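Welcome, and thanks for bringing your viewer along. Load the model, pick a representation you like, and we will go from stop to stop.

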Amino acid sequence: MHSEVMIVGAGPVGLALANLLGRYSRDVTLLESRSRLIDYPRGVGLDDESMRSIQTMGLVEQVEPYTIPHHVMRLVNGRGETMVTNAPQGEPFGWPRKFGFIQPLVDQQLHEGLERFGNVRVLFDHTVTRSVDRGEHVEVTATVTEPDGSTREQVFTADYLVGCEGGSSPTRKRMDVDFVGESPSTRWVVIDVNNDPLGAPNVYLGADPARPYVSIGLPHGIRRWEFMLFDDEPSERVEDDAFVAALLADHVPDSSTLDVIRRRVFTHHGRIASSFRQGRILIAGDAAHLMPVWMGQGWNSGMRDATNLAWKLASVLAGQADESLLDTYDVERRDHAKAMIDLSMTFGSVIKPTNRAVCAVRDTVSRAMNLSPKVKAYFADMRFKPMPFYAKGVVVSPDSLLPGEQERRRTSRFMTVRNAVDKQTPVGKQFIQPRVNTHEHTGVRLDDVIGPWWTVAAWGNDPARLFTPEERRQLEHMGARFVSFMSESQRPWAEREYAGSGTLVVGDTDGSLKGWFDRSAMGVVFLRPDRFVAAACLAQESGRALAALRVAMGATSVGSLQGPAADDFAQLAVSA
């Protein structure tokens, strides 16, 4: 039983990683110790970055019915005064910024999505007890529970192993890495009910000194409450109906008629592993980092891990890059995961205080801050949320064109760049996703027409003409697709002019793409499979940028693609 990638844990991160690797034509085995997926509600917040990843998986139509877009969050104090409203507008990445969702049903769709791939298998009742990096492969021993309850041992091998088994990850423990951070003693009880007795949408975080709480309207008429337990309240009390009724007394007219799905006690954690990779063994999701629920980023951070790691594993397995590419997974994901943990812990410190004097000071400060329209807009548009930015990794400094590292602030001797509206680097950030036109499609999201792999795009030019024959062979080796962005008025001309070059002409219908290139003062952009900008340059420097990019990603020499990989990536380059 050999696989290219062995994934341990059929939670959302393991399922997402398996879907992405399946989409990239890699051979995957997913082992899960349980007999079925976890069916109790957990995460409730899904963001636009995660929905874009689901789009890459090809599962949007399956997942959307279990989501509610434009989920607004309000932080209120004990008097019911709104301290912070979080209602971000716009869809820079092609989707509403925030969704409410039902995690078990979305996870189920990710699981069923794996049935599309003959190269991906999911094995339940397989508990991994041992994993050893043998240098050339990983050896995995699992205890298999048969339908009659008997057990047996089975040994698997894989080129790489990824542990996605949650915060208590045995894979992480076997790696013997530190799991640093805080685990506050505060406990919370979660109560999920059917047939929402309130019917009010959106999210309220109650910073009430009497008892902090959360109230969330979810899809399919589900309501979630969360209440903080005090130190003298044992966790077992949540099984007492009278205690639960008392918790809900100020929230619902009649708690005796509620259709309770489940009630559970949990503790918040803020921890991160000291390393996400050791040789051929890696970890992702909660196995790599844990964060409190306040910002709804636990599930989403796991999706970012899977999206970052999947294309890198696929590239190494296909022979496009050497193993140094996998080191950039830790380099790129660590800082952002830590930033989200810190933000979530800070937000929790605002919600949890029960000392009324402390809360009075907090409430006074919030009233003063809300007098400023700029401050209110800062929180409303979620500008406090740190967006992923890769200062190191698979990036090329846009002005020096040096590989692997860059500064946020740009410096250049070229007047065009010095005059740029945006003085921050466009590299290492996620590229926008507007709706566009092509000769075959009208008003579709950009990713759906450029395909799921590397893209080299130019504004107003045919990028195929910017590279030498040797450089084009290197890009073909990477599986890259040439795309020309044009104002929609220019698209018919470009389609005639570039006929035969293999370049896809994309019409910019609302000026979003033109605005991006204008603010960045760049003419060419190299988009990674995870939709982050790997390099951006003036058109005349495209060849130099490509050379630096190949160094940054540890690209292998042309002609080294292994097995069927050349055909696989040729298909990725032209698929939509």
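Before the first selection, one term: buried means under 20% relative accessible area, exposed means over 50%, and partly exposed is in between (1.4 Å probe, protein chains only). The model is predicted, so local features need pLDDT of at least 70 and side-chain atom pairs count only at pLDDT 80 or more, while totals for chains, interfaces and linings use all residues. Residues are numbered from 1 along each chain as its sequence is written, and side-chain values use heavy atoms, with hydrogens and water left out.

**Stop 1: salt bridges**

Select E323, which is partly exposed because its relative accessible area is 30%. Its partner in a salt bridge is R280, with the closest N and O atoms 3.4 Å apart; the term asks for a side-chain nitrogen of Lys or Arg within 4 Å of a carboxyl oxygen of Asp or Glu. This pair links distant parts of the chain, 43 residues apart: R280 is in the loop between β19 (277-278) and β20 (281-283), and E323 is in the loop between α7 and α8 (324-351). Helices (H or I, at least four residues) and strands (E, at least two) are DSSP runs numbered from the N terminus. Is R280 buried or exposed? R280 has a relative accessible area of 12%, so R280 is buried.

Now add R277 and D327 to the selection: together with R280 and E323 they are linked in a network of salt bridges. By the rule above, the count comes to 33 salt bridges.

Next, select R362 and D363, whose side chains meet in a salt bridge at 3.0 Å, N to O. Both R362 and D363 are buried.

Then move to E497 and R465, a salt bridge with its closest N and O atoms 3.7 Å apart. Here too distant parts of the chain are linked, 32 residues apart, with E497 in helix α14 (residues 491-497) and R465 in the loop between β26 (455-459) and α13 (469-478). E497 is partly exposed, because its relative accessible area is 37%.

**Stop 2: a surface patch**

Show V361, V365 and M369 as spheres: they form a nonpolar patch on the surface, with about 250 Å² of accessible area together. Such patches are made of residues with over 30% relative accessible area and no salt bridge, where like charges are joined within 9 Å and nonpolar side chains (Val, Leu, Ile, Met, Phe, Trp, Tyr) within 5 Å. Areas come from the Shrake-Rupley method with a 1.4 Å probe, and for residues only the protein chains shown count as cover. V365 lies in helix α9 (residues 356-369) and counts as partly exposed because its relative accessibility is 43%.

**Stop 3: a buried arginine**

Select R26, in the loop between α1 (12-23) and β2 (28-31). Its relative accessibility is 5%, so R26 counts as buried. Add G118, 92 residues away along the chain, and check the C-alpha separation from R26: 10.0 Å.
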